[in-house]
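Reader: Please take a close look at a single residue in this model and describe its setting. I should then like the account to widen to the open and enclosed spaces and to the chain as a whole.

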Amino acid sequence: MSESVTIKVPARLHLGFLDIPRASGDRFGSVGLPIEDIATVVTIARASKPEIHGAEAIRVAQHMTTFCNHLGIAAHHHVTVHRTIPSHIGLGSGTQIALAISAALRTLHHFEPDIVNDAILLGRGSRSGIGIAAFNEGGVIIDAGKGHGSAAPTVISRIAFPETWRVILVFDTSTQGIHGQEEIEAFKALPPFPVEISALICRHVVMSLMPALMERNLPLFGQAVQAIQDEIGRYFAPAQGGIFTSRSVEATIHRLAQAGATGIGQSSWGPTGFAFAASQKQAEHIVNSITPDAGAKIQIVAGRNAGAEITHTLLNLARA
């Protein structure tokens with residue numbers, strides 16, 4: 001094929017909400033971080049007939065139809081899904097595959113990028129804007145939720161994640177986090193989010209988390225993340241059966257904390273848990289010093305300070 005576009009879109013951690021609307025007009029706010037090594041990678045090329053190979057074929061086909069109709073594209077395409085972020089484990093898989101398809105089609109057919117509106121077209125970013133923002137640039141992202149008339153949550157801060165720090169991820173492949181209609185019903189059933197808790201979380205973000213990143217102070221950063229996670233976890237506990245969705249992840253995360261990890265928590269509805277370490281060497285030492293709970297798997301990754309990677313190949317000449 002003479003022309004193709006390959007998109008690599010990173011997974012992201014959702015570190016917590018700043019607020020949860022109590023009434024119409026209130027705003028969500030959130031904190032998140034894209035990560036290395038876990039990503040959705042898709043290649044789209046022009047073709048004589050439509051073909052889709054790889055995981056998430058049904059969802060990809062739906063996205064292709066939606067975006068081709070939206071952009072007025074009549075051509076056929078060959079789509080290869082090389083790998084995907086696992087679905088419904090708290091790493092933003094739905095948003096990332098939607099953005100990968102839209103960006104690849106726009107690049108291949110020479111349309112201007114429109115990540116925000118493409119995400120909104122498929123109903124992404126209604127609560128958190130971290131996944132959308134991470135497409136353009138990495139680092140620790142803080143958004144203030146959607147303002148009146150805004151298409152997507154407003155990013156109010158973006159701070160580079162220290163290159164030496166590491167994230168220790170804990171997975172439970174036997175379960176998934178709340179999603180879809182169940183998530184909508186969960187928000188409806190939960191009580192109003194206390195104003196004083198929102199104020200406390202915002203204080204942790206502004207007075208601890210943000211300066212800790214700029215000062216490269218991991219203990220302070222970890223304290224802030226865990227304080228945010230404790231408040232959010234207690235609020236969501238009635239819906240997810242506890243502060244953590246997975247008991248296996250919870251047990252393993254606490255062992256990591258006892259071994260020296262900091263900033264423990266759960267990404268979104270889980271079940272993926274996380275903790276932080278000062279370096280690759282320290283992360284490996286912490287992981288090797290514990291025995292994961294049955295069913296739990298651990299992976300060490302770096303934070304990502306860059307956005308999506310787009311490679312447009314034309315007549316075997318690549319340009320990014």
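**His-88 and its surroundings**

Author: His-88 is partly exposed, with a relative accessible area of 27%; that class lies between buried, under 20%, and exposed, over 50%, for a 1.4 Å probe with protein chains only. The model is a predicted one, in which local features need pLDDT of at least 70 and side-chain atom pairs count only at pLDDT 80 or more, while totals for chains, interfaces and linings use all residues. Residue numbers start from 1 along each chain as its sequence is written, and side-chain values rest on heavy atoms, with hydrogens and water left out.

The place of His-88 is the loop between β4 (76–83) and α2; such helices (H or I, at least four residues) and strands (E, at least two) are DSSP runs numbered from the N terminus. The backbone of His-88 has a phi of about 60 degrees, a positive value although the residue is not a glycine. Most residues other than glycine have a negative phi, and most peptide bonds are trans.

One contact partner of His-88 is Ser-93, where contact means heavy atoms within 4.5 Å. Ser-93 belongs to helix α2 and is buried, because its relative accessible area is 9%. Apart from neighbours within four places in sequence, Ser-93 touches Arg-59, Ile-85, Pro-86 and Ser-87 as well as His-88.

Two further backbone features deserve a place beside His-88. Glu-56, which is not a glycine, has a positive phi near 60 degrees. Glu-56 sits in the loop between β3 (51–54) and α1 (57–71) and is partly exposed, at a relative accessible area of 25%. A cis peptide bond runs from Gly-270 to Pro-271, with omega near 5 degrees; Pro-271 falls in the loop between β8 and β9 (273–277).

The account now turns to the spaces. Rolling a probe the size of a water molecule over the atoms shows where empty space is left. The second largest pocket has a volume of about 170 Å³. Its lining has 14 residues, and Pro-86, Ile-89, Phe-171, Asp-172 and Thr-173 are the closest to its centre. A pocket is an open set of points on a 1 Å grid over the protein atoms alone, with protein on both sides within 12 Å along at least five of seven lines; a cavity is a set where a 1.4 Å probe fits but cannot get out, and lining residues have an atom within 4 Å of a point. Grid points are joined across faces, edges and corners, and a volume is the space filled by probe spheres set on the points. Pro-86, one of the contacts of Ser-93, thus reappears in this lining. β7 (166–172) and β10 (296–302) each supply at least two lining residues of the second largest pocket. By class, that lining has six nonpolar, six polar and two charged residues; Ala, Val, Leu, Ile, Met, Phe, Trp, Tyr, Cys and Pro count as nonpolar, Asp, Glu, Lys and Arg as charged, and the others, Gly among them, as polar.

The largest pocket has a volume of about 980 Å³. Among the 46 residues that line the largest pocket, Arg-12, Ile-178, Glu-183, Ser-268 and Trp-269 are the closest to its centre. Helix α2 (93–108), the helix of Ser-93, is one of the elements that supply at least two residues of this lining. The others include α4 (130–136), α5 (181–189) and α8 (247–258). Helix α7 gives the most, with seven residues. The lining of the largest pocket divides into 13 nonpolar, 26 polar and seven charged residues.

One cavity reaches 30 Å³ or more. The largest cavity has a volume of about 40 Å³, and its lining includes Lys-8, Pro-10, Asp-37 and Arg-304. Strand β2 gives the most to that lining, with five residues. The lining of the largest cavity has five nonpolar, no polar and four charged residues.

As for the whole, the chain has nine helices and 12 strands. Of its 320 residues, 52% count as buried. Among contacts between residues at least 6 apart in sequence, 76% join residues at least 24 apart. The C-alpha atoms fill a box of roughly 55 × 45 × 35 Å along the principal axes.
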